[in-house]
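Visitor: Please choose a single part of this structure and examine it closely. I should like its exposure, its contacts and its surroundings to be treated as one connected account.

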Amino acid sequence: SLHDALPISAAPRPRTERPSPLEAIRIIFRNPLELWTEAVYEEPYVAFRGLGGPLVLANDPKLVRHILVDNARNYRMGETRQMILRPIMRDGLVTAE
């Protein structure tokens, strides 16, 4: 069947607790999506201090549209974060300005 022929992407199981700083560095280089806890996937947004400053992860479709489309000029990614993330995640939605 067509469904059987399509590749299946492996999604990481969300963590129940935050990793140690050393473990977080290893995870970022292996697969950054493995870093997030369950709350990141359940809440409309999650804000915390990340590498290089504050970080907000938006899940709610209206909030994503507000940030990426309606008010994109008001939200910038820091230069340090770009220098860290771009080599790991390449050019994509996460690293786009």
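Guide: E23 has a relative accessible area of 31% and is therefore partly exposed; that class lies between buried, under 20%, and exposed, over 50%, with a 1.4 Å probe and protein chains only. The model is a predicted one, in which local features need a pLDDT of at least 70 and side-chain atom pairs count only at pLDDT 80 or more, whereas totals for chains, interfaces and linings use all residues. Residues are numbered from 1 along each chain as its sequence is written, and side-chain values use heavy atoms, with hydrogens and water left out.

E23 forms a salt bridge with R15, the closest N and O atoms being 3.2 Å apart; the term denotes a side-chain nitrogen of Lys or Arg within 4 Å of a carboxyl oxygen of Asp or Glu. Side chains of opposite charge can pair when their charged atoms come close.

The part chosen here is helix α2, residues 21-30. Helices (H or I, at least four residues) and strands (E, at least two) are DSSP runs numbered from the N terminus. In α2, the buried residues are A24, I27 and I28. These residues line one face of the helix, because their directions fall within an arc of 100° when seen down the axis of α2; the arc is taken over the directions from the helix axis to the C-beta atoms. An α-helix has 3.6 residues a turn, so residues three or four places apart point the same way. On the other side of α2, the exposed residues are L22, R26, F29 and R30.

R30 counts as exposed because its relative accessibility is 54%. It forms a salt bridge with E34, with 2.5 Å between the closest N and O atoms. A search of the whole structure finds three salt bridges; another of them joins D70 to R65, whose closest N and O atoms are 3.8 Å apart.

The buried face leads to the interior. A24, I27 and I28 belong to the largest nonpolar core, which has 10 residues in all and also includes L35, W36, V40, V46, L55, L57 and I88. A core of this kind is a set of buried Ala, Val, Leu, Ile, Met, Phe, Trp, Tyr and Cys residues joined through side-chain atoms within 4.5 Å. At least two residues of this core come from each of α2 and β2 (53-58), and α2 gives the most, with three residues. In soluble globular proteins, nonpolar side chains tend to be buried together.

L35, a member of this core, ties several of these residues together. Residues up to four places away in sequence being left out, L35 touches R15, P19, A24, I27 and I28, where contact means heavy atoms within 4.5 Å.

T37 lies in the loop between α2 and α3 (38-42). Its relative accessibility is 15%, so T37 counts as buried. Apart from its neighbours within four places in sequence, T37 is in contact with P14, R15, E17 and R18. R15 thus appears among the contacts of L35 and of T37, as well as in the salt bridge with E23. T37 and R13, 24 residues apart in sequence, have C-alpha atoms 8.9 Å apart.

A further pair reaches from I28 to I84, which is found in helix α5 (residues 79-89). The two residues are 56 apart in sequence, with 9.9 Å between their C-alpha atoms. At 30% relative accessibility, I84 counts as partly exposed.

As a setting for α2, the chain has five helices and two strands, in the order α-α-α-β-β-α-α from the N terminus. Of its 97 residues, 22% count as buried. The mean pLDDT of the chain is 78, and 79% of the residues score at least 70; pLDDT is the predictor's confidence in each residue, from 0 to 100. Among the elements, helix α1 (residues 2-5) has the lowest mean pLDDT, 52, and helix α4 (residues 61-70) the highest, 89.
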